[in-house]
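User: I'd like a close look at one part of this model, please. Could you walk me through its open and enclosed spaces?

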Amino acid sequence: MIRPLLRFLARRFVAGETAASAVDAAKRMNAAGIKAVIDFLGEDVRSEQMAAAAANEYITLLDLIHSFRVDAHVSVKLSQMGLLVSRESCFENVARIVAAASKHRNFVWFDMEGSDLTQKTIETFEKVRTVYPNVGLCLQSSLVRTGGDLDRLMRFPLNVRLCKGAYKEPPQIAYATKRAVDGNYRILVQKLLEHVKDGVYPAFATHDGFMIDYITAIAREQKVELSQFEFEMLYGIRSHLLQTLARRGFQTRVYIPYGRSWFPYFVRRLRERKENLFFVLKNIFRR
Amino acid sequence: MKFKNEAFTDFAVPENAARLARALQDARRDFGQGYPAVINGRRHHTRKSIRSLNPSLSKEVVGTATDSNLSLADQALESATRAFQRWRGVPVEERAALLRRMAARLRTQKAELTAWIIYEVGKNWAEADADVAEAIDFLEYYAELAVRPPPALTPVAHEHNRYRYLPLGPVVVIPPWNFPLAILAGMSAAALVTGNTVVLKPSSQSPVIGARFFEAARACGVPEGVMNFLPGSGSAIGDYLVKDRRTRMVAFTGSLSVGLRINALAAQPQKGQRWIKRVIAELGGKNAIVVDESADIERAAAEVAASAFGYQGQKCSACSRVFVHKRIYEAFEDRILAQIRALRIGPSAVRENTMGPVISKAAQLGIQRHIALGEKHGRLLHGGRAILDRDGFYLEPTLIGRLPNSSPLWVEEIFGPVLAIAPVGSLEEGIRRANETAYGLTGAVYTRDPKRLQLAAETFFCGNLYLNRKCTGALVGGHPFGGFNLSGTDSKAGGPEYLLQFSQPQAISARRE
């Protein structure tokens, strides 16, 4: 009883179960001047076969994006690519995807997961980056280490998506309060925009109107062009705000997930914003 | 210089930990012993005695010491005055050798002394160990300084000119309880090696450590009368010792109010007094750390926490104010809270406890009064309470924010685990606020910008300024220690010129035919 209901509610945040549904959603967003980045849901994969299958799905997805002429990148989670099984096979899977993307002149983002995988994700990213330039990395402002990671990673041209991080982390390594996570986000915004001239391309993943105002102010202060950074939001969350930003001339991108393994993604969305939870509760009681 | 700092003990090495654990057991067996005054080699008891409590477990009496009266004080000064006539003539090499022997002896007694410091004043293992290491450093460093040749003079035709340092006379040494061995040993050793005699009045909070140092010194061959051990309360004999005409110099480390009183009393000449008394006084601090937006937040937060809460904030060098650039304020606050939450409070004898008790019930109450004031004017971000369910003088590490600039917490020394935090718009503003006290002991600045480090060096007004480093933990020889303004006479203990204050230079010019 509850599962179909949740599935229905998750539809707000997930484009559908197939690659076609995601590409379709991306096309609609493109029409409103918003670019897309598509994620095939799945994480914590424990077998090499499943990881390889997920990689194949991404390659199909890239073909689809190409043939429908949609402006959409793809985003992968390394635990879906088999990072928990073996680092070597994970690297091979990712390399296959990135090579396919390179062929289509597309771009692959590395999602960041829980702090147990941060170091391995960064290391894999750096390894891929030495071969292919069309990759970007997501970093989280909730982690204390991120500032230092950026300092190191920014020694080479870097595409980076800055998000807050929706995973539950121990207080020794992560900022505990929303206030502090936001505070660190602002610090990192400053750091990233200061380094645009050194080849950093930041994507600011935030739904916070005040934060967006802060970012635009710092960008002006640092004389960063509108083409040198972008805003990114999640599918189904504050899409009006993203459209407004697109109309104001900012580069915008929406993160579109699809697939059957929507549950953990859905739970993270509920945990990170109380509005999302209200939406769910409202619908449960409306029934 | 050959001098090297004594290494700290690594308690991760099992033998080292086991050695101290054993020493702690042994020391406990000797709790409650009596420690007499020793004047001219003779032991003196009085009916009244000072009880020294274990602040971690206040029903335990670590030891009792003679509560010296004016008659004993008089005898001690007389003894020091008489012994001076002999001691002044002892060659400096011999006096320096004495200090080296004392250092070697303290080194063999390291675990034992560390244990007594842990019990008597509530330092944790590492802080107590560092206290002993610093004492050894003072002894070896001053031994080496004392035999350095005096500076050369400008040649004058047909003259032979000499320059030498003579001792002063009886020195009254009044050390504090917060470095019950290091400062006591340092001030005493400086006086002795320069040829002065000593009346040592240890703090009434830590007479046992004082007595144990004194015994070690005697065993190394300090002649009778050259150093006299006079435990007692400052209010009973302090004024007398400072005022007496036989006193040539007072070396004091302690609170501002007592320091100013000593300075005033010493300035009044007594009948028959033939000199202007010399006073060196190392007093309090209201030390600040400024963190700018370029700093390594995690490291700065960890080191500010160490500076503020190490030995429960009971160091004159402790950080009690931190000014953080508003751009990183929230993140910094979060990180320092994480540091504070990771502190473990409990009896100092337990190795895992990072924070022990404050020194006494009175200190605990005084600190709580300040916290109450902070809570009224500002906002308590962490801690604030005494921990009453334990039999010691424990206080939570306390962080106070949103204090108005007019709050007394920005200017008054608290001497406890209380840190005030405020955002500032720039490094300059932070340094300006840091300078807004009557003290000027230590300070630190965290920034990655070399230009701002330069600016900090030029404008931050304190005796010991640290750049991208915590503001406590000065090392003998490397960080000569002492403060500006009401922080004292800036005598720079552990510095190359410290001994000059215990001596008077003499120039001898002879005609050459």
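How many nonpolar, polar and charged residues does the lining of the second largest pocket have?

Analyst: Happy to help. This is a predicted model, so local features need pLDDT of at least 70 and side-chain atom pairs count only at pLDDT 80 or more, while totals for chains, interfaces and linings use all residues. Residues are numbered from 1 along each chain as its sequence is written, chains are lettered from A and ligands numbered from 1 in the order in which they are written, and side-chain values use heavy atoms, with hydrogens and water left out.

The lining of the second largest pocket has 16 nonpolar, 13 polar and five charged residues. Here Ala, Val, Leu, Ile, Met, Phe, Trp, Tyr, Cys and Pro count as nonpolar, Asp, Glu, Lys and Arg as charged, and the others, Gly among them, as polar. This pocket holds about 880 Å³ of space, and of its 34 lining residues, Trp177(B), Phe252(B), Gly254(B), Ser255(B) and Val258(B) are the closest to its centre. On a 1 Å grid over the protein atoms alone, a pocket is an open set of points with protein on both sides within 12 Å along at least five of seven lines, a cavity is a set where a 1.4 Å probe fits but cannot get out, and lining residues have an atom within 4 Å of a point. Points are joined across faces, edges and corners, and the volume is the space filled by probe spheres set on them.

Which elements build this wall? Helix 8 (234-243), strand 10 (249-253) and helix 9 (256-267) of chain B each supply at least two lining residues. Helix 9 of chain B gives the largest share, six residues. Helices (H or I, at least four residues) and strands (E, at least two) are DSSP runs, numbered from the N terminus.

For context, the largest pocket has a volume of about 1200 Å³. Of its 39 lining residues, Lys164(A), Gly165(A), Ala166(A), Arg269(A) and Glu272(A) are the closest to its centre. Helix 10 of chain A gives the most to that lining, with five residues, and the lining divides into 14 nonpolar, seven polar and 18 charged residues.

As for enclosed space, the structure holds two cavities of 30 Å³ or more. The largest cavity has a volume of about 80 Å³, and the residues nearest its centre are Gly285(B), Gly313(B), Ala318(B), Ser320(B) and Phe415(B). Its lining divides into six nonpolar, five polar and three charged residues. The second largest cavity has a volume of about 60 Å³.
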